[in-house]
Amino acid sequence: MRKTSDIIWQDAQHQVLFEILDLIREPDAGSSVMLRLRDYTENHFALEELYMEHLEYPGRDEHVRAHDRFRTEVQKLLGNREPDALDREIISTFLTEWLKRHVFGIDKKLEAFLVASELK
Ligand SMILES: [Fe+2]
Ligand SMILES: [Fe+2]
């Protein structure tokens, strides 16, 4: 794992996630953006979970449960049919709010733990 003076990867990935959520509400957004959201979310969550496991982070179970709820929501929203513009706007708003709470809440605690640990 890359070692830096700060956990830049976590912040950078959160930025990308918010950018993808903005793209979803663009009028010409297609299903590829939704898939990108799902894939990027999965990669990001998996990386955080890898660190938590590696470092035996005490808040791991709670954090993974929160990720799982988001995964389920994204999966539900991807659903069977192609979302229209209104669907995408609702999805974008809902997930952006969820992610803001997660990133500035539970992820901040993880960040503090990672910063204090040897492995960043
Ligand atoms: Fe995160
Ligand atoms: Fe997280």
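Student: What covers the buried residues of helix 5?

Tutor: Keep in mind that this is a predicted model. Helix 5 runs over residues 106-116, and its buried residues are Asp 107, Leu 110 and Leu 114. What covers them includes helix 2 (31-54), helix 3 (60-78) and helix 4 (85-104).

Student: Why do those buried residues sit on the same side of helix 5?

Tutor: Start with the general rule: an α-helix has 3.6 residues a turn, so residues three or four places apart point the same way. In helix 5, the buried ones are Asp 107, Leu 110 and Leu 114. They share a side because they cover an arc around the axis of only 60°.

Student: And which residues are exposed on the other side of helix 5?

Tutor: We've just placed Asp 107, Leu 110 and Leu 114 as the buried ones. Turn to the other side of helix 5 and you'll find these exposed: Lys 108, Ala 112, Val 115 and Ala 116.

Student: Is Asp 28 buried or exposed?

Tutor: Look for Asp 28 in the loop between helix 1 (8-24) and helix 2. A residue counts as exposed with 12 or fewer C-beta neighbours within 10 Å. Asp 28 has 7 inside 10 Å, so it counts as exposed.

Student: Which helices each supply at least two residues of the largest nonpolar core?

Tutor: That core has eight residues, including Ile 20, Leu 37 and Ile 91. Another core, of six residues, lies apart from it, with Tyr 51 and Leu 110 among them. For the largest core, the helices that each give at least two residues are helix 1, helix 2 and helix 4.

Notes: Residues are numbered from 1 along each chain as its sequence is written. Chains are lettered from A and ligands numbered from 1 in the order in which they are written. This is a predicted model: local features need pLDDT of at least 70, side-chain atom pairs count only at pLDDT 80 or more; totals for chains, interfaces and linings use all residues. A residue is buried if 20 or more other C-beta atoms lie within 10 Å of its own, exposed if 12 or fewer, and partly exposed in between; C-beta atoms are placed from the backbone. Helices (H or I, at least four residues) and strands (E, at least two) are DSSP runs, numbered from the N terminus. The arc is that of the directions from the helix axis to the C-beta atoms. Two residues are in contact if their C-beta atoms, placed from the backbone, lie within 7 Å. A nonpolar core is a set of buried Ala, Val, Leu, Ile, Met, Phe, Trp, Tyr and Cys residues joined through C-beta atoms within 7 Å.
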